[in-house]
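The following exercises concern one structure and are each followed by a worked solution. Please examine the sequence and the coordinates before reading on.

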Amino acid sequence: MRIDVVSLFPDFVAQCAGFGVVGRAHERGLLSVHGWNPRDHAEGNYRRVDDRPFGGGPGMVMMIEPLRACLGAAGSADPRPARTVYLSPQGRPLTQAKVRELAALDRLVLLCGRYEGVDERLIEAEVDEEISIGDYVLSGGELAAAVVVDAVARLLDGVLNDADSAAQDSFEAGLLDCPHYTKPVEHVFGAVPPVLLSGNHAEIARWRRMQALGRTWSRRPDLIDLATLSKQDRALLER
Ligand code: ADE
C-alpha cells in the first residue's frame, strides 16, 4: 500500500511511520509513506499557502491553489487511483470498520489542514471523504493522519506476527478487549485470575468473552448491540 500525506509538516507523519509495527510494514515492503508540502506548490517570494477568511473572523484558511497543485503532484506519483481523505473535526468519526475499508485500498492520499481549515471548494472538488479521529480539536491534521497510518498499517497482510494478531483486537469483535496478565502469578498488586492458569481453553475463552462483554457494558454501553449478541452472550451478561 502507498500512502501520500499532504501537509505543511510533511516529514512528521512519514517519521511517525518509521517506528514499531508501522516501521515493520515499511521494512517488509508492505507500506510506503510519502510526504508532500503544499508550500512547494505555492507562488511568490513568500510561498503563501493561507489567507484571511471571507466574511471576517479569526484565523487563516488554506488556499485552494497550493493544495490543488500539491494533491495533483501526490496523486500522479503513482498510476493507481487513490482515495483522498481530509482529516478534520467535521469528518465522520474513524472506526475500526473504516480502518479496515481503508486498509483494503492500494493507495490513500491524506490531506492535513492547519489554521482554521481548508477552503471548502477544494474539499468539495478534490476530497472523497472527511474523517475525524474524535470530538476534540487538534492544531492540525498531522496527528490524525499518523493515527490513520498506524491503524491501517497493522491490518496489512504480513505486518502483524501471530503474537499480535489483529483478530484479537478490541473492536474487531465489536467489543472492548478483555484484561491480560503475565508473570509473576502472585504479586503485591494481586494474583492472576485462576481460570487463566487452568489450561481449560473453553473456560478461558468463556471468561475472556465475559470480561469483554462486562467491560463494554460498563465503559462503552453505546457499543453493545443487544440484537447481535449471541444467546450465550446474553446469558453471560445476565449472570
Ligand atoms: N484536525 C484537527 N482536529 C482533528 C480531529 N479531531 N480529527 C481529525 N483531524 C483533525
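**Exercise 1.** Determine how the residues of the shell around the ligand divide into nonpolar, polar and charged.

*Solution.* The shell divides into 7 nonpolar, 4 polar and no charged residues. Here Ala, Val, Leu, Ile, Met, Phe, Trp, Tyr, Cys and Pro count as nonpolar, Asp, Glu, Lys and Arg as charged, and the others, Gly among them, as polar. Members of the shell include Leu87, Ser88, Pro89, Tyr136 and Gly141; a residue belongs to it if its C-beta atom, placed from the backbone, lies within 6 Å of the ligand. Strand E5 (residues 83-93) supplies the largest share, 3 residues. Strands (E, at least two residues) and helices (H or I, at least four) are DSSP runs, numbered from the N terminus.

The model is a predicted one: local features need pLDDT of at least 70, side-chain atom pairs count only at pLDDT 80 or more, and totals for chains, interfaces and linings use all residues. Residue numbers start from 1 along each chain as its sequence is written.

**Exercise 2.** Establish whether glycine 113 counts as buried or exposed, and where glycine 113 is found.

*Solution.* Step one: glycine 113 is found in the loop between strand E6 (107-112) and helix H5 (120-126). Step two: glycine 113 counts as buried because it has 26 C-beta neighbours inside 10 Å. The criterion is 20 or more other C-beta atoms within 10 Å for buried, 12 or fewer for exposed, and partly exposed in between, with C-beta atoms placed from the backbone. Step three: leaving out residues up to four places away in sequence, glycine 113 touches Met62, Tyr86, Ser88, Val118, Gly140 and Gly141, contact meaning C-beta atoms, placed from the backbone, within 7 Å. Glycine 113 and glycine 141 are 28 residues apart in sequence, with their C-alpha atoms 5.3 Å apart.

**Exercise 3.** Identify the buried residues of helix H4 (residues 96-103) and explain why they line one face.

*Solution.* The buried residues of H4 are Val99, Leu102 and Ala103. Down the axis of H4 these fall within an arc of 100°, so they line one face of the helix; the arc is that of the directions from the helix axis to the C-beta atoms. They pack against E6 and H6. On the other side of H4, Ala97 and Glu101 are exposed.

**Exercise 4.** State which helix gives the most to the largest nonpolar core.

*Solution.* Among the 44 residues of this core, Val5, Val6, Leu110, Ala145 and Val149 touch the most other members. Helix H6 (residues 142-153) gives the most, with 7 residues. A nonpolar core is a set of buried Ala, Val, Leu, Ile, Met, Phe, Trp, Tyr and Cys residues joined through C-beta atoms within 7 Å.

Notes: Contact = placed C-beta atoms within 7 Å.
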